[in-house]
Amino acid sequence: KFSDYINGKTPVLVDFHATWCGPCKALAPTIKEIAVEFKDKVKVLKIDIDKNPKTSAKFKIKGVPTLILFQEGKIIWKQSGVLTRHQLSDILNKNI
């Protein structure tokens with residue numbers, strides 16, 4: 001269950017995306033690389049906003065892609081748009 005994931009001790013990076021979203025497709029390989037790079041430190045989840053409208057609404061997702069980093073149920077970082085692997089890696093290193 002989503003709430004179980006984000007309320008755990010391990011930080012969780014959630015990628016809110018949509019199948020029709022071009023920037024989301026551009027970000028997908030970066031998310032995969034980050035999942036490998038941070039596999040021991042961060043869980044990575046992908047949430048399709050069209051299949052999960054309640055979750056998307058709860059976290060006020062207005063545009064995709066939107067990335068949210070959760071730790072113990074709290075949002076510790078949130079940003080919309082495409083980031084490079086280097087940018088995302090830096091953000092995670094600063095926040096976890």
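This is a short walk through a predicted model, one selection at a time.

**Stop one: strand β1.** Select residues 12–17, which make up β1. Six of its six residues are buried. Turn the strand and look at its two faces: Val12, Val14 and Phe16 sit on one side, while Leu13, Asp15 and His17 sit on the other.

**Stop two: the neighbours of β1.** Now add β2 (43–48). β1 and β2 run parallel, paired over six bridges. Between them the chain passes through helix α2, residues 22–37, in a right-handed β-α-β crossover. Next, add β3 (66–71). β3 pairs with β1 too, in the antiparallel sense over five bridges. Click on Val14 to see both pairings: its bridge partner in β2 is Leu45, and in β3 it stands opposite Ile68.

**Stop three: the largest nonpolar core.** Select Phe2, Val14, Phe16 and Phe59, the residues with the most contacts inside this core of 16. α1 (2–6), β1, β2 and β3 each supply at least two of its residues, and β1 gives the most, with three. Zoom in on Phe16: away from its sequence neighbours, its contacts include Phe2, Ile47, Phe59, Ile61 and Ile68. There is also a second, separate core of 13 residues, with Ile34, Val42, Leu67 and Leu69 among them.

**Last stop: Asp15.** Go back to β1 and pick Asp15. Is it buried or exposed? Asp15 counts as buried, because its relative accessibility is 1%, under the 20% cut-off. Show what surrounds it: Asp15 touches Leu27, Ile31, Leu45, Lys46 and Pro65, among others.

How values were computed:
Residues numbered from 1 in each chain as written. Predicted model: local features only at pLDDT ≥ 70, side-chain atom pairs only at ≥ 80, totals over all residues. Heavy atoms only, no water. Core = buried A, V, L, I, M, F, W, Y, C linked by side-chain atoms within 4.5 Å. Buried < 20%, exposed > 50% of the residue type's maximum accessible area, 1.4 Å probe, protein only. Helix = DSSP H or I, 4+ residues; strand = E, 2+ residues; numbered from the N terminus. Contact = heavy atoms within 4.5 Å. Pairing = 2+ DSSP bridges. Right-handed = clockwise from strand over helix to strand, strands pointing away. Lists of a residue's contacts leave out its neighbours within four places in sequence.
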